Amino acid sequence: MLSTLQPPRSLTLLPFRRFHGSKTIASLASSSPTLDASSVSPPQSQILTTRRSLLSGETTASEIAKSYLSRIRLTEPQLKCFLHVSENVLKEAQEIDQRISRGEGVGPLAGVVIGVKDNICTEGMPSTAASRILEHYRPPFDATAVKKIKEMGGIVVGKTNMDEFGMGSTTEASAFQVTANPWDLTRVPGGSSGGSAAAVAANQCMVSLGSDTGGSVRQPASFCGVVGLKPTYGRVSRFGLMAYASSLDVIGCFGSTVADAGMLLHAVSGYDRFDSTSSKQDVPEFESQSLSMDSFESKPLKGVRVGLIRETLEEGVDSGVRSATQEAASHLEALGCLVTEVSLPSFSLGLPAYYVIASSESSSNLSRYDGVRYGNQVMADELNKLYECSRGQGFGGEVKMRILMGTYALSAGYYDAYYKRAQQVRTLIRKDFKAALDHNDILISPAAPSAAYKIGEKKDDPLAMYAGDIMTVNVNLAGLPAIVLPCGLVEGGPSGLPVGLQMIGAAFDEETLLKVGHIFEQTLKGSGFVPPTLPNVA
Amino acid sequence: MSTTLFRTIQPNHFTLLTTALLRTRTKTSRHISVRCQTSTTTQQPRTSAPKNHGSNKLDEILKDYEAVIGIETHVQLSTSTKAFCSCPNSYGSHPNTSICPVCMGLPGALPVLSSKVVDFGVRLGLALNCSLSLKSKFDRKQYFYPDLPKGYQISQFDVPIASGGYVDVDIPLEFGGGHRRFGITRVHMEEDAGKLLHSDAGDYSQAMIVSKLDLVDLNRAGVPLLEIVSEPDMRSGVEAAEYGSEMQRIVRYLGVSNGNMQEGSLRCDVNISIRPIGQPEFGTKVEIKNLNAFSAMSRAIDYEITRQALLYNQGQADKIVTETRLWDEGAQKTVTMRKKEGLADYRYFPEPDLPEVILTQEYVDSIRASLPELPEAKRRRYEAMGLGIQDVLFLANDVSVAEYFDEVIGKGADVKSAANWLMSDIAAYLKNEELSISDILFELLAKGGTVQGMIKEKDLITDPVEIEKMIMKVISESPKQLEQYRSGKTKLQGFFAGQVMKMSKGKANPALLNKILLEKLNAKE
């Protein structure tokens, strides 16, 4: 049974398989790409593997579920990726097994073990957005994305940790626990979807859902060495996603392979009558992109125009990140891409514009947490006190800071200088991206200026933390799709730290991103980004 | 000082709100509240009793001032669902039975606009001679209050769906007659808030509401509204009341609302200031709320004009402050509800959960083509037929009467005799029987026969004994509701009436039913 879920990862064989050649960090990033089978076989889709092995009778959903649960039990004490683990995992797996044994059809995600970020509503299961104000809150409905996953046979294994309401880049702003990076337990997994990224990296689940408002899927994917996919705004229904900044929020997907992220995206995408900002665009079948390596031509990406964003390799970016990105560009060139540098003049304006817009919208979106109808209410002897105490005790520091900033930005007399101005910048950024994407099929950049940093390192320096979002926020402002996939390692931790490459596509062209990403991943020498042993787990 | 404790409900699941949400626990709290009220009422000017003055002297004083009146009208639309979710839009249901994650503002829920709301907005905009915005949008108006689940109201701020119109009215002869045109500033779409059910009606100061609020009913939260803002074109209570009546007629003619003031389907807030005649600047604006009949509106405005004029006259114009006052029907005067401290900052910004509202010219044209003949057009047509203005006003006042009259003359009846017959015999008869013309006459028109025969045929139960029997049965079967009613939830009368109607298969005489029901409900055991 174990064999069905590997490679790339041995499921219950602990410790983790060490990353191949952990000492040769530089050599990985600089190794010239080759289409020859490398010493490590390229990563394989866990969704496809699961489907094959279930349908062939090689294993059962129950066995798979059990092995994941035991893996979670073993690794959770160190990692703390989950705020809640479902009690129904085995029951749901058994139902799938029964269907299979009765010869009935099962959905395309049957038996797939899925983590769901805690700001995405799951019926009857705690959904708190990692906030005290929603502690013990259980929604009466599933988010549309979750509903679709369940309809396709996916098993929601639990709710993953995050920065409270998505506000943060380290997952340290969770009201409940700090998640560790599986590559180095003293480092942050990134955020805000840190739990979802770390859980996939540590193989606590096969794939997971996150949400991305300013990079909250892509940056943790980079920090944890997994694939993170931020779809076009409107591609996935936001119904059931607890709003942070409505005009920027999207539900995104994590997987250990591009194929898995793509298939999960396909499952959750599409128009939803409960979200009037969801798009009626057709959802292409991303699965067909996940070709095996045998079918690649010598230059499988011949003619694909790639723009390397000049501004993302300037000052403030770690040299290791810069060289990994340049190596990735060379790899793409070797695959047949035409790589040129492009400039986005408005690039540096994105960060302040993003923080104004996101804070403004969040100050409004979080008004509903008033302690009146649900969540934690603090008793008080008059109404303003009730609001003050419920919100004062329910929200964490980062959330309060953003609510205050947003309230200020929307106030009479300041609206034009902040909110309106930021919207104008947003238009400018959209235009610049459009121009760059008129001449290129995709744009590339690092996913973050550095690899994962230490827990606590930026906790008292919010501006330094905000600055880390510079690579990703522009994409949200423009509403474009982007994928982050591991492209190299830099020095740090017991065996190096992963670095992610960000690929940005035209609106609703996730297809190109997945195609290029898949071929990139399958041909990267020494691919297979598996974190090192977790200490104390034997 | 003993405290008032709000009891927490912990609906970690979707079980909500048939129980108390915020509840006063101790009797002492009421004393606190009363003290608050005393402190606000003492701030009221002592001169607010116009009746102390001789009417001649008063007329002398009033002669020197001009009132400037503008009206904000909220019309609750008779759509089958709420504006942004599919909850039924029904008045008088049991509290918190018509709610869902969207109108409760649960985390993750999103609004989706009902196209019917736009449809009604366009209809009303056209009927009020407005220009329509082919591209309008929604905004969030933000403030905290327990009846506002999301912490913001979805409304339209800088781009309303319709703006720049007017309405024509005829002032009834008994008030001097004449034709007036009042400007319409704008019409915009928004959602209603829920309702706080107070333990004790009559306390209105802000502090009071806070310390006494008991329950939140969200049935009304998310019900679609159109807000109509007039230009400050009215000068008297009569003009304002006539403006309000015309709004009611128009929404009823259009079928966009039942226009019922008692149920709150049509709510008028009046802004009023006065100035010495000849002064170009406006005086200090006072808002009056809680006007649930046009006659009350007229009286409230006249009271307020007098109050302000006296203050001016006594050199106390500085005592006229920007505030919201309530019309106290019992005392026949306006009282301070809350002072406005500076302008409220609602931090409006575009609602990111809803796309822009785009109208095509074809759509607007098709709605224009489907508009019925409106009251003003009817009045002018009846006038042109040679009817006197009093006949005209009577006939055009009720859309059912007007339609019936049109059918009658359409069949060749003499205009004058048909009008007389309708206004005297039929109107009186229906009034006696407590029926509206639409209950009877359309069927009569279709089937023929007599009015009396039709009432018999409808088989209305008019026997008080029989109705009482049904009422007692319903009351005995609903002890819980009875207890709630007797502890102050008088709105439950509708529930009981509904149950009796159901039992009688709709045949109980409604007037009789309500009369007996009230007696029984209010009977002391």
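1. Is B:E373 buried, exposed or partly exposed? The answer is partly exposed, with a relative accessible area of 28%. Its side chain meets that of B:R381 in a salt bridge, 2.7 Å from N to O. B:R381 is partly exposed too, with a relative accessible area of 28%. While you're there, have a look at the network in chain B: salt bridges that share partners join B:D170, B:E242, B:E246, B:R249, B:E376, B:R379, B:R380 and B:E383.

2. Before going further, a word on confidence. This is a predicted model. The predictor gives the complex an ipTM of 0.91 and a pTM of 0.84. For chain B the mean pLDDT is 83, and 80% of its residues reach 70 or more. The stretch to treat with care is residues 1-52 of chain B, where the pLDDT is below 50; this stretch still has 115 contacts in the model beyond near neighbours in sequence. Residues 200-212 of chain B also stay under 50, and the model has 32 contacts for them beyond four places in sequence. Where pLDDT is low, the predicted coordinates should not be read in detail.

3. Now the interface. On one side, 50 residues of chain A are in contact with 46 residues of chain B. The area buried between the two chains is about 4,000 Å², and carbon and sulfur atoms give 59% of that. On the chain A side, A:R368, A:R373 and A:L383 lose the most area to chain B, together 18% of what that side buries.

4. How many salt bridges does the rule find across the interface of chain A and chain B? Just one. It pairs B:D353 with A:R238, and the closest N and O atoms are 3.0 Å apart. Polar contacts across the interface come to 17 residue pairs, with both residues at pLDDT 80 or more. The elements of chain A that give two or more residues to the side touching chain B are α10 (350-365), α11 (383-394) and α12 (397-410). That side divides into 23 nonpolar, 16 polar and eleven charged residues.

5. A few words on chain A by itself. There are 16 helices and eleven strands in chain A, and 64% of its 538 residues count as buried. Among contacts between residues at least 6 apart in sequence, 78% join residues at least 24 apart. One spot to zoom in on is A:T50, in helix α2 (residues 46-55) of chain A. A:T50 counts as buried because its relative accessibility is 0%. The side chain of A:T50 reaches the backbone oxygen of A:Q46 at 2.6 Å.

6. On to salt bridges more widely: by this rule the count comes to 52 over all chains. Side chains of opposite charge can pair when their charged atoms come close. In chain A, try A:K159 and A:D118, whose side chains meet at 3.6 Å, N to O. This pair links distant parts of the chain, with A:K159 in strand β3 and A:D118 in the loop between β2 (113-117) and α5 (144-151), 41 residues apart. A:K159 is buried at 0% relative accessibility, and A:D118 is buried with a relative accessible area of 2%.

7. Chain B has a pair within one helix. The side chains of B:R249 and B:E246 form a salt bridge at 2.9 Å, N to O. Because they are three residues apart in helix α5 (residues 237-254) of chain B, the two are separated by about one helical turn. Both B:R249 and B:E246 are buried.

8. Another chain B residue to check is B:R299, in helix α6 (residues 294-313). At 32% relative accessibility, B:R299 counts as partly exposed. Not counting residues up to four places away in sequence, B:R299 touches B:W327, B:E329 and B:Q332. With B:Q332 there is a polar contact between side chains, at 2.8 Å.

9. Last, some backbone geometry. Most residues other than glycine have a negative phi, and most peptide bonds are trans. Which peptide bond is cis, with omega near 10°? The one from A:G191 to A:S192, where A:S192 sits in the loop between β3 (155-160) and α6 (194-201) of chain A. A:F508 is not a glycine, yet has a positive phi of about 65°. A:F508 lies in the loop between β11 (497-505) and α16 (510-523) of chain A and counts as partly exposed at 22% relative accessibility. In chain B, B:N129 has a positive phi near 60°. B:N129 is in the loop between α3 (115-127) and β2 (131-132) of chain B, and is partly exposed with a relative accessible area of 34%.

Note on methods. Residues are numbered from 1 along each chain as its sequence is written. Chains are lettered from A and ligands numbered from 1 in the order in which they are written. Side-chain values use heavy atoms; hydrogens and water are left out. Contact means heavy atoms within 4.5 Å. Buried area is the accessible area (1.4 Å probe) that two parts lose on being put together, summed over both. A salt bridge is a side-chain nitrogen of Lys or Arg within 4 Å of a carboxyl oxygen of Asp or Glu. A polar contact is a pair of N or O atoms within 3.5 Å; within protein, one must be able to donate a hydrogen and the other to accept it, and residues adjacent in sequence count only if both atoms are side-chain atoms. Helices (H or I, at least four residues) and strands (E, at least two) are DSSP runs, numbered from the N terminus. Ala, Val, Leu, Ile, Met, Phe, Trp, Tyr, Cys and Pro count as nonpolar, Asp, Glu, Lys and Arg as charged, and the others, Gly among them, as polar. pLDDT is the predictor's confidence in each residue, from 0 to 100. Buried means under 20% relative accessible area, exposed over 50%, partly exposed in between (1.4 Å probe, protein chains only).
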